[in-house]
Amino acid sequence: MSNKQVDLSVLGLDDKSQKELATFIENEERRAAFQRSVHLYADTCWDKCITKVKANLDKSDETCLTNCVERFLDTSLFVIQRFNETAGSRS
């Protein structure tokens, strides 16, 4: 979970419901973090590849954006796999 620990017992939920809610919150926090990463990376790729705004992308802009996004996807998949491996070894 995030640095902000929430005491779910004050909600009057049973243990199972508290665990489900904690898992849901943790997953939503991960999803939000991933979305922040996507937006940051999109901004980075745009700044790196698009030097001036034109009516159409030229081939070099398109190639740069494609390569940048592919590197992002490869890196993201690697990080997710490592996270899953780490989470699996804890169970």
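A salt bridge here is a side-chain nitrogen of Lys or Arg within 4 Å of a carboxyl oxygen of Asp or Glu. The views below show a predicted model, in which the count comes to six salt bridges by this rule.

**View 1. Salt bridge between Glu-20 and Lys-16 in helix α1.** The closest N and O atoms of Glu-20 and Lys-16 are 4.0 Å apart. Helix α1 covers residues 15-49 and holds both partners. Glu-20 and Lys-16 are separated by four residues, about one turn of the helix. Glu-20 has a relative accessible area of 48% and is partly exposed, whereas Lys-16 reaches 61% and is exposed. The two labels differ because exposed means over 50% relative accessible area.

**View 2. Salt bridge between Arg-30 and Glu-26 in helix α1.** Here the closest N and O atoms are 2.4 Å apart. Arg-30 and Glu-26 are both part of helix α1, with a spacing of four residues, or about one turn of the helix. Arg-30 is partly exposed at a relative accessible area of 37%. Glu-26 is also partly exposed, with a value of 25%. Buried means under 20%, so Glu-26, at 25%, is not counted as buried.

**View 3. Salt bridge between Glu-28 and Arg-31 in helix α1.** The closest N and O atoms of Glu-28 and Arg-31 lie 2.5 Å apart. Both residues belong to helix α1 and are three residues apart, about one turn of the helix. Glu-28 is partly exposed, with 31% relative accessibility. Arg-31 is partly exposed as well, with 48% relative accessibility. Elsewhere, Lys-54, Asp-58 and Asp-61 are joined into one network by salt bridges that share partners.

**View 4. Disulfide between Cys-45 and Cys-68.** The model has two disulfides. In the one shown here, the S to S distance between Cys-45 and Cys-68 is 1.9 Å. The torsion about this S-S bond is about -85°, so the disulfide is left-handed. Distant parts of the chain are linked by this pair: Cys-45 sits in helix α1 and Cys-68 in helix α2, which spans residues 59-90. The two cysteines are 23 residues apart. Cys-45 and Cys-68 are both buried.

**View 5. Disulfide between Cys-49 and Cys-64.** The sulfur atoms of Cys-49 and Cys-64 are 2.0 Å apart. This link is left-handed, with -70° about the S-S bond. It connects distant parts of the chain, from Cys-49 in helix α1 to Cys-64 in helix α2, with their positions 15 residues apart in the numbering. Cys-49 has 5% relative accessibility and counts as buried, because the limit for that label is under 20%.

**View 6. Both disulfides together, with the pairing of the bonded cysteines.** Cys-45 is bonded to Cys-68, and Cys-49 is bonded to Cys-64. When the bonded cysteines of the chain are numbered in sequence order, the pairing is 1-4, 2-3. The link of Cys-45 and Cys-68 runs from helix α1 to helix α2, and the link of Cys-49 and Cys-64 also runs from helix α1 to helix α2. The S-S torsion is about -85° for Cys-45 and Cys-68 and -70° for Cys-49 and Cys-64.

Note on methods:
Residues numbered from 1 in each chain as written. Predicted model: local features only at pLDDT ≥ 70, side-chain atom pairs only at ≥ 80, totals over all residues. Heavy atoms only, no water. Buried < 20%, exposed > 50% of the residue type's maximum accessible area, 1.4 Å probe, protein only. Disulfide = S-S within 2.5 Å.
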